[in-house]
Amino acid sequence: MSFKSLDLIFDFSQGNGNKKVFLLSGDVHCAAIFQLRKKESDARVYQLTSSAITYAKNLPSWLVKKQVEDTGLLSGRDDIEFKRLSPVEAINNFSIITVEPAGDDVLVHFDLYGRPKKDKGMLMYERLSM
């Protein structure tokens, strides 16, 4: 498995004063926020995932959540650590991402929404600002 693109993203972050880099992704049957860190570097890459607003019918939520680890090493790379920063939502989730200026930087808000088991409305599970 090639990680050339990910290495270029880490190089970009580190070469630009360790600027935050955000990857938006989907189609993994759950929503969550992850931080990737290359060992011996201050560069950080954040993966913001939200997908499957109607996915909940095929697999039980507890099974999907059980497959998502809290921390570890990226598969195939012993120099990249990951850490989950949010709860995992597997049922009817969506996210709203807001970016606002903050001096010479930006502040990114990632709002994760999902549906509680016994409620028909939506609930914001987590707001993470980076």
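1. Hello! Read from its N terminus, the chain runs α-β-β-β-α-β-β-β-β-β. That gives two helices and eight strands, where helices (H or I, at least four residues) and strands (E, at least two) are DSSP runs numbered from the N terminus.

2. A word on the basis: this is a predicted model, where local features need pLDDT of at least 70, side-chain atom pairs count only at pLDDT 80 or more, and totals for chains, interfaces and linings use all residues. Residues are numbered from 1 along each chain as its sequence is written, and side-chain values use heavy atoms, with hydrogens and water left out.

3. Now the overall figures. Of the 130 residues in the protein, 34% are buried; buried means under 20% relative accessible area, exposed over 50%, and partly exposed in between (1.4 Å probe, protein chains only). About 8100 Å² is exposed, with carbon and sulfur atoms supplying 53% of it; areas come from the Shrake-Rupley method with a 1.4 Å probe, and for residues only the protein chains shown count as cover. Among contacts (heavy atoms within 4.5 Å) between residues at least 6 apart in sequence, 53% join residues at least 24 apart.

4. Next, the interior. The largest nonpolar core has 16 residues, and Leu-6, Phe-10 and Leu-36 touch the most other members. Helix H1 (4-15), strand E2 and strand E5 (80-84) each supply at least two residues of this core, and E2 gives the most, with three. A core here is a set of buried Ala, Val, Leu, Ile, Met, Phe, Trp, Tyr and Cys residues joined through side-chain atoms within 4.5 Å.

5. Leu-36 is worth a click: leaving out residues up to four places away in sequence, Leu-36 touches Leu-6, Phe-10, Ala-43, Arg-44, Val-45, Ile-80, Glu-81 and Phe-82. Apart from the largest core lies another, of eight residues, including Ala-31, Leu-48, Phe-110 and Leu-112.

6. Ser-41 sits in the loop between strand E2 (32-38) and strand E3 (44-49). Is this loop residue buried or exposed? Ser-41 is buried, because its relative accessible area is 9%. Its side chain reaches the backbone nitrogen of Ala-43 at 3.0 Å.

7. Finally, the outside. Leu-24, Ile-97, Val-99 and Val-106 make a nonpolar surface patch of about 350 Å². Of these, Ile-97 belongs to strand E6 (residues 94-102), and Ile-97 counts as partly exposed because its relative accessibility is 36%. Patch residues have over 30% relative accessible area and no salt bridge; like charges are joined within 9 Å, nonpolar side chains (Val, Leu, Ile, Met, Phe, Trp, Tyr) within 5 Å. A salt bridge is a side-chain nitrogen of Lys or Arg within 4 Å of a carboxyl oxygen of Asp or Glu.

Notes: Polar contact = N/O pair within 3.5 Å; in protein donor to acceptor, adjacent residues only side chain to side chain.
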